[in-house]
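I opened this notebook page to keep track of what I looked up, one topic at a time. I begin with the space enclosed inside the protein and then turn to the metal site.

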Amino acid sequence: MKKIVIIGLDGVPFELIKDFSDKGVMPNTSQIIQEGDLRCMSSSLPEVSSVAWSSIITGKNPAEHGIFGFTELYPNTYQIRFPNFLDLKERPFWERVKENSIIINLPATYPVREMRGVHISGFVSIDLERSVYPKELIPKLKEFGYQLDVDSEKAHHSLDLFLEDLDKTLEARVKTYRYLWESYKWGIFMLVFTGTDRLMHFLWSAYEDENHKYHQQFLDHFRKIDEVIGQIHNRLDSNDLLIILSDHGFEGLDKDIYINYLLRKEGFLKFEDTQPEWRNISSESLAFALDPARIYLNLKGNYPKGKLSKEDKEIVLRDLEGLFSSLEVEGKRVIKSIYRKEEIYKGPFLESAPDLVLVGEKGFNLKANIKAKNLSDRGVFTGKHTQDNAFILVNRDLLESSSKKTSVFDVAKIVIGSAENSYSKR
Ligand SMILES: [Zn+2]
């Protein structure tokens with residue numbers, strides 16, 4: 001029977017995969033590009049992993065699958081909650097096919113639930129006990145030194161320790177994939193590497209600068225991943241389907257931009273106290289933002305201190321659009337795109353969608369920390385997410401040849417279609 005294998009490289013941009021394939025850093029990937037089809041792929045809005053991976057595994061948009069970001073507010077409150085796999089309103093592909101699936105380190109799928117095969121959830125996974133199905137595998141994973149995520153905290157103190165942990169995490173992940181590949185019967189195998197995203201957040205500068213202290217280590221991490229890609233490619237035959245993809249792109253970060261600071265400064269967001277806290281939000285507030293740059297109107301009926309009426313909504317939206325489109329920092333335009341929810345989302349959960357979603361211009365990393373004391377700042381990260389340059393690589397001509405750009409929403413259809421096809425041929 002035909003196998004389907006999906007390798008995820010969290011956050012890796014189209015340009016980097018091309019660059020490393022051309023330069024010989026990723027020779028195995030280069031070979032697959034030559035025999036297959038590499039495309040630039042657009043991500044979800046917002047371009048964060050929880051939304052993008054939820055879209056990849058369901059083929060649905062956020063107003064259908066219900067995941068709009070890493071955070072949301074409890075209904076009718078200003079209290080932040082963290083949506084998880086239980087909040088995903090659509091079934092992932094592995095619950096829609098007849099084959100057994102092995103799913104390793106997939107973001108936004110915690111806590112795991114019963115399924116046909118094996119599921120180890122990726123970040124944000126809190127407790128190993130609820131991250132692994134079936135539970136009997138836990139002792140084996142512990143034996144491999146399996147870590148749910150890289151310890152990014154280390155990077156704030158020592159990049160050397162962080163890189164060491166990145167390697168350790170990758171090695172255990174590789175041991176785990178090999179064991180599961182051989183020990184189980186499966187039709188679909190999905191393995192996601194998330195250390196790539198962490199590495200690029202902290203050390204994008206080391207990618208761009210050949211003289212950077214960590215340039216070689218940056219390359220080495222991708223060499224190691226390419227080795228795994230080569231091993232997996234060699235285990236497949238030409239009828240099997242191999243998909244390698246990322247969930248969003250990446251680029252260099254020049255400045256963090258704090259959207260709630262801007263909303264405060266311009267009078268759209270007010271607090272009852274000098275200390276900005278969610279519980280202190282004033283009823284005079286017209287709008288607020290959740291990470292990374294999702295704008296919610298403080299509408300009457302939606303929020304306990306919402307006073308904005310549906311009739312006045314359009315005026316406020318236009319004022320906000322004016323504010324964001326004219327925003328400049330050091331003479332540079334900050335916001336590339338402003339989307340209204342109706343333009344980008346469609347489905348039964350449209351009501352829970354942000355009213356506006358912003359995408360930053362090159363180098364501007366949009367954030368929604370309400371306690372920010374400045375409009376712009378420069379933190380520890382040197383890389384940031386992008387929306388329009390994720391990638392997808394398939395080991396054959398399978399993607400639509402139309403001029404329409406491939407998006408994260410197209411992936412589930414390819415996987416399910418291919419699984420059904422292979423099943424009916426047996
Ligand atoms: Zn990231």
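I looked up which helix gives the most to the lining of the largest cavity, and I found that it is H7, with four residues. I note here that the model is a predicted one.

H7 spans 159–183, and together with H8 and helix H9, which covers 215–235, it belongs to the helices that each supply at least two residues of this lining. I then listed residues around the largest cavity, and among them are Val150, Leu166, Leu170, Arg173, Phe193, His221 and Ile225. When I sorted the lining by character, it divided into five nonpolar residues, five polar ones and one charged one.

I also checked the volume of the largest cavity, which comes to about 70 Å³, and a search of the whole structure returned one cavity of 30 Å³ or more.

Next I turned to the zinc ion, and I asked myself which residues coordinate it. Asp197 appears twice, through two OD entries, while His201 and His385 each take part through NE2, and the distances run from 2.0 to 2.4 Å. The pair His201 and His385 links distant parts of the chain, since His201 sits in helix H8 (residues 195–208) and His385 in strand E20 (residues 383–386), 184 residues apart. I wrote down the spacing of the donor residues in sequence as D-x3-H-x183-H.

Why is the arrangement around the zinc ion irregular? It is irregular because the four donor atoms subtend angles of 56 to 151 degrees, whereas a tetrahedral arrangement would need all angles to lie between 85 and 135 degrees.

Finally, I checked whether the two histidines are buried or exposed, and I recorded both His201 and His385 as buried.

Conventions. Residues numbered from 1 in each chain as written. Predicted model: local features only at pLDDT ≥ 70, side-chain atom pairs only at ≥ 80, totals over all residues. Heavy atoms only, no water. Donors = N, O, S within 2.8 Å, 3.2 Å for Na, K, Ca; no water. Tetrahedral: all angles 85-135°; square planar, octahedral: opposite > 155°, others 65-115°. Buried < 20%, exposed > 50% of the residue type's maximum accessible area, 1.4 Å probe, protein only. 1 Å grid on protein atoms, 1.4 Å probe; cavity = no way out; pocket = protein on both sides within 12 Å on 5 of 7 lines; lining within 4 Å. Points joined across faces, edges and corners; volume = space filled by probe spheres on them. Nonpolar A, V, L, I, M, F, W, Y, C, P; charged D, E, K, R; others polar.
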